[in-house]
Amino acid sequence: MTMTDPTMLADAALWRTRDLAVLWHPCTQMREHPDTLPLVPISHGRGVWLHGMDGNRYLDAVSSWWTNLFGHAEPRIANAIAEQAQRLEHVIFAGFSHQPAVELAESLLALAPPGLARVFLADNGSAAVEVALKMSFHSFFNRGDTRRRKFIALHNGYHGETLGALAVGDIPLYRRIYAPLLIEPLFAPSPDAWLAEPGESAHDHAVRAAAALAVILAEQGEDVCALILEPLVQCAGGMRMYHPEYLRRARALCDQHGIHLIADEIAVGFGRSGSLFACEQAAITPDFLCLSKGLTGGFLPLSAVLTTAAVYEAFLDDSRERAFLHSHSYTGNPIACAAALATLAIFRDEPVLERNRTTAAHMAQLAAPIGEHPHVAQVRQTGMILAFELGQANSREPLPAAQRTGLCAYRAALQRGVLLRPLGDVLYWMPPYCISADELHHLAQVTAAVIDESTRACA
Ligand code: PMP
């Protein structure tokens, strides 16, 4: 952390005050600003570092809500955006087209699991989920199967905050208050390996969760349009991880019952899970693949829903009502598409996944001694996602929520120049892929220190 001069501190304080006078921040109890939670004005970013207006810098261990892949202000993506902005900033995407969107759709289909044939663009993750849910329902409707209007979702899943996406999520903190407004999905048990019985392997737990899904489908399968899930990692649900066998079995069950599988890879796509897409680890193709976040390297909001020719063809008709009329003003925004193409070019030109394997192995090495801490109940990892489940000393029992240990850890890490924003009492590393060995080392040292400090101070 660089040390601060008084003019910079004054500058930061001024921006903080102006912000808190007019803005309303997401996922925040605004009452906690400015006292419980510091608000951190940022002036610029470079690589894994966010530079604060107070002169301090912060290692972005969470890739700014899991969006950033190759570092802040990555020059190739920044340049592609600047060039595109000077050529065509936006054009209505109904009836009109442009090169970046066409090339992006071609590239995504070439990279995605085999069998996906169409790309629908939207502008954030929740919108992609809404699109997939609506498309699934509507495609059955268009084929005369009007009985299917239910979705199956997993316990502890998360798919976004708009009403449809929230409805198929199962995190009480976000969902409970809005429950009276939401469609009611059928919730199936999560394959989350943390929930395995003593002596039960992750694989066997996945098999057991799939058996429970089979029961739901046997009873109500004819009413169901789709199963929606986050492949391999339930990210917002606390970076809970599961065995790919669940995906294989879920795919088979969906086929058996003639329902769609919606894979929400908004968080785990683009190399986070170790493979380009998490579904690859189970060798399955979903009927809908939802992508966002890393799609633009973390630069601009954009999402894509990839689907099959069969789904697409269900909408081809003389009637406008049978068309998929869902639209957003900024659908197919050329600048966002250019950012996505520049991101995919980095995957094409550099051995990103191979390098990530080395980085992930280093993360595992550095995390192992931290896992020895009595308050670390588990260290788990899937590719470039590594999580520390905190608990009571030498136990799997959660820490008392009122202690707000995660919040203590967040503040302690910020003071040490690391942005480590926990999910409850789960601390995790999900850094930009460009993180160096030295930076990882620093991250590990700070993590060890804040786990120790927060579990003592808050105990
Ligand atoms: N699905 C998953 C798996 C996510 O992690 C998120 C965002 N955290 C979303 C959907 C929603 O994306 P957005 O925040 O862009 O609406």
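## A buried aspartate

A polar contact of 2.9 Å joins the side chains of D287 and R251. The model that shows this pair is a predicted one. D287 sits in the loop between strand 10 and strand 11. Its relative accessibility is 12%. Buried means under 20%, so D287 counts as buried.

What does D287 touch, apart from its neighbours within four places in sequence? Its contacts are L116, R251, I259, H260, L261, L306, T307 and T308. R251 therefore appears twice in this picture: in the list of contacts and as the polar partner of D287.

## The seven-stranded sheet

Strands 10 and 11 belong to an open sheet of seven strands. The order is 4-12-11-10-7-5-6, and the pairing is mixed. Which strands stand at the edges? They are strand 4 (118-122) and strand 6 (186-188). Each has a single partner strand, so one side of each is left without a neighbour in the sheet. From one strand to the next, the twist averages 20 degrees.

Two helices pack against these strands. Helix 4 (residues 99-111) lies across strand 4, strand 11 (288-291) and strand 12 (303-307). It runs at about 125 degrees to strand 4. Helix 9 (residues 245-256) packs on the sheet and touches strand 5, strand 7 (224-229) and strand 10 (260-264). The direction of helix 9 makes about 170 degrees with that of strand 7.

## Strand 5 and its two partners

Strand 5 covers residues 150-154. Is it mostly covered or mostly open? It is mostly covered: four of its five residues are buried.

Strand 5 pairs with strand 6 in the parallel sense, over three bridges. Here A153 stands opposite F187, and L154 stands opposite A188. Strand 5 also runs parallel to strand 7, with four bridges joining the two. On that side, I152 has L227 as its bridge partner.

## The ligand site

Which residues surround the ligand? They are W66, N124, G125, S126, Y158, H159, G160, E230, D264, I266, A267 and K293.

Three side chains place a polar atom by the ligand at the distances given here. A polar side-chain atom of S126 lies 2.6 Å from an oxygen atom of the ligand. For D264, a polar side-chain atom lies 2.6 Å from a ligand nitrogen atom. In K293, an N or O atom of the side chain is 2.9 Å from a nitrogen atom of the ligand. How much of the ligand does the protein bury? Taken alone, the ligand exposes 390 Å², and the protein buries 82% of that.

## The four-stranded sheet

A second open sheet has four strands in the order 1-2-3-15, again with mixed pairing. Strand 1 (42-46) and strand 15 (418-419) stand at its edges. Each has a single partner strand, so one side of each is left without a neighbour in the sheet.

Strand 1 and strand 2 (residues 49-52) run antiparallel, joined by four bridges. R46 stands opposite W49 in strand 2. These two strands form a hairpin with two residues between them. In the turn, G47 has a positive phi of about 60 degrees.

Strand 2 also pairs with strand 3 (residues 57-60), antiparallel and over three bridges. Here L50 has Y58 as its bridge partner. This hairpin has four residues between the strands, and G55 takes a positive phi near 90 degrees. In a regular strand, side chains alternate between the two faces of the sheet. In strand 2, W49 and H51 point one way, while L50 and G52 point the other way. All four of these residues are buried.

## Two loop residues

H373 is found in the loop between helix 12 (352-370) and strand 13 (376-382). It is buried, with a relative accessible area of 18%. Not counting residues up to four places away in sequence, H373 touches I451, D452 and T455.

A94 lies in the loop between helix 3 (75-87) and helix 4. Is A94 buried or exposed? At 55% relative accessibility, A94 counts as exposed. A94 and S327 are 233 residues apart along the chain, and their C-alpha atoms are separated by 8.6 Å.

Definitions and conventions. Residues are numbered from 1 along each chain as its sequence is written. This is a predicted model: local features need pLDDT of at least 70, side-chain atom pairs count only at pLDDT 80 or more; totals for chains, interfaces and linings use all residues. Side-chain values use heavy atoms; hydrogens and water are left out. Two strands pair if DSSP finds at least two bridges between them. Axes are lines fitted to C-alpha atoms, for helices over the stretch in contact, and angles run from 0 to 180 degrees between N-to-C directions. Contact means heavy atoms within 4.5 Å. Buried means under 20% relative accessible area, exposed over 50%, partly exposed in between (1.4 Å probe, protein chains only). A polar contact is a pair of N or O atoms within 3.5 Å; within protein, one must be able to donate a hydrogen and the other to accept it, and residues adjacent in sequence count only if both atoms are side-chain atoms. A residue is near a molecule or strand if one of its heavy atoms lies within 4 Å of it. Accessible areas come from the Shrake-Rupley method with a 1.4 Å probe; for residues, only the protein chains shown count as cover.
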